[in-house]
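Student: Hello! I am new to this one, and I would love a close look at a single part of it. Could you walk me through it?

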Amino acid sequence: MLDTSQVQSFLPYVSLALSVGALFVSAFAYLDVRHARRADLAVSFLQEFRSEDFHTSLRVVGRLAKASKDGEAAPTVRMTDESELADHFRRVSFFFEYVGMLVLRDLLDGKLVYAQAGLNVLNCWEFLRPYIEEHRGRRDVNGFGKYQGHFEMLYRRFKTYKYRVVPQEIIVRGHRER
C-alpha cells in the first residue's frame, strides 16, 4: 500500500503533467478557432467582394481610372464630399483598407485576396492615391496610423508579387473551388 508521504511527493509531478496537457489542449483549440476564423473571414471577403453594391462602386472607380489613364481629366472630388462619386471612392478605399488590415494581421490569406482582387487593388490605389493623400494632408490622425495605410500596404505588397497569373484553384475550408 502507498504511504501518504509517497503520494504527496508525486502530486507536484501529476499537477505539472496535467497543466502541460491542458496547455497543449488549449493551444490546439486556439489554432483550430483561428483557422475557422480565417475561413469565415475568407468567405465574408468573397461575399462582400462579389456584392452588387461593391461591384457598382468598383465599376465606377474602374471606369474613371481607365479614363484617367487614357488622358481624361480626373474628377475634382474630396473624400469627405457628400456626393455619390465620393461614396463610391470611400466604399472601395475602405473595403480595401479593411482587407489590407486582415492580410497584415494574417487573418486573411494574401494569395486569396490577390487571386480575387489583386488587379483591382493595384488599379484602384493608383487612381485613388491623390484623393487619399489629399485627405491625409487635411486629417489629424491622433495616433491611429496613416489614413488608408493598410490599403497602401496591400498595394505595395501586390506590386511586388512576381507572378501576374491568377491561380486557378483557391482553397477555402479545405475544399477546392474552381
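Student: How are helix 2 and helix 3 oriented to each other: roughly parallel or roughly perpendicular?

Tutor: Happy to help! Please keep in mind that this is a predicted model. Start with the axes: those of helix 2, residues 52-69, and helix 3 come within 9 Å and cross at roughly 105 degrees. Angles of 65 to 115 degrees count as roughly perpendicular, and therefore helix 2 and helix 3 are roughly perpendicular to each other.

Now look at where they touch. Helix 2 contributes D53, F54, T56, S57, L58, V60, V61 and L64, and these meet L85, H88, F89, R91, V92, F95 and F96 of helix 3. Sorted by character, the residues of this contact comprise 10 nonpolar, 3 polar and 2 charged.

From here, follow the chain past helix 3, which spans 84-104. The loop between helix 3 and helix 4 (110-138) holds D106. The phi of D106 is near 60 degrees, a positive value in a residue that is not glycine. D106 counts as partly exposed because its relative accessibility is 41%, and partly exposed lies between the cut-offs of 20% and 50%.

Beyond helix 4 comes another loop, the one leading to helix 5 (149-159), and Q148 sits there. With a relative accessibility of 2%, Q148 counts as buried. Leaving aside residues up to four places away in sequence, Q148 touches S93, F94, E97, W125, I132 and R136.

Technical notes:
Residues are numbered from 1 along each chain as its sequence is written. This is a predicted model: local features need pLDDT of at least 70, side-chain atom pairs count only at pLDDT 80 or more; totals for chains, interfaces and linings use all residues. Side-chain values use heavy atoms; hydrogens and water are left out. Helices (H or I, at least four residues) and strands (E, at least two) are DSSP runs, numbered from the N terminus. Buried means under 20% relative accessible area, exposed over 50%, partly exposed in between (1.4 Å probe, protein chains only). Axes are lines fitted to C-alpha atoms, for helices over the stretch in contact, and angles run from 0 to 180 degrees between N-to-C directions. Angles under 35 degrees count as roughly parallel, over 145 as roughly antiparallel, 65 to 115 as roughly perpendicular and the rest as oblique. Contact means heavy atoms within 4.5 Å. Ala, Val, Leu, Ile, Met, Phe, Trp, Tyr, Cys and Pro count as nonpolar, Asp, Glu, Lys and Arg as charged, and the others, Gly among them, as polar.
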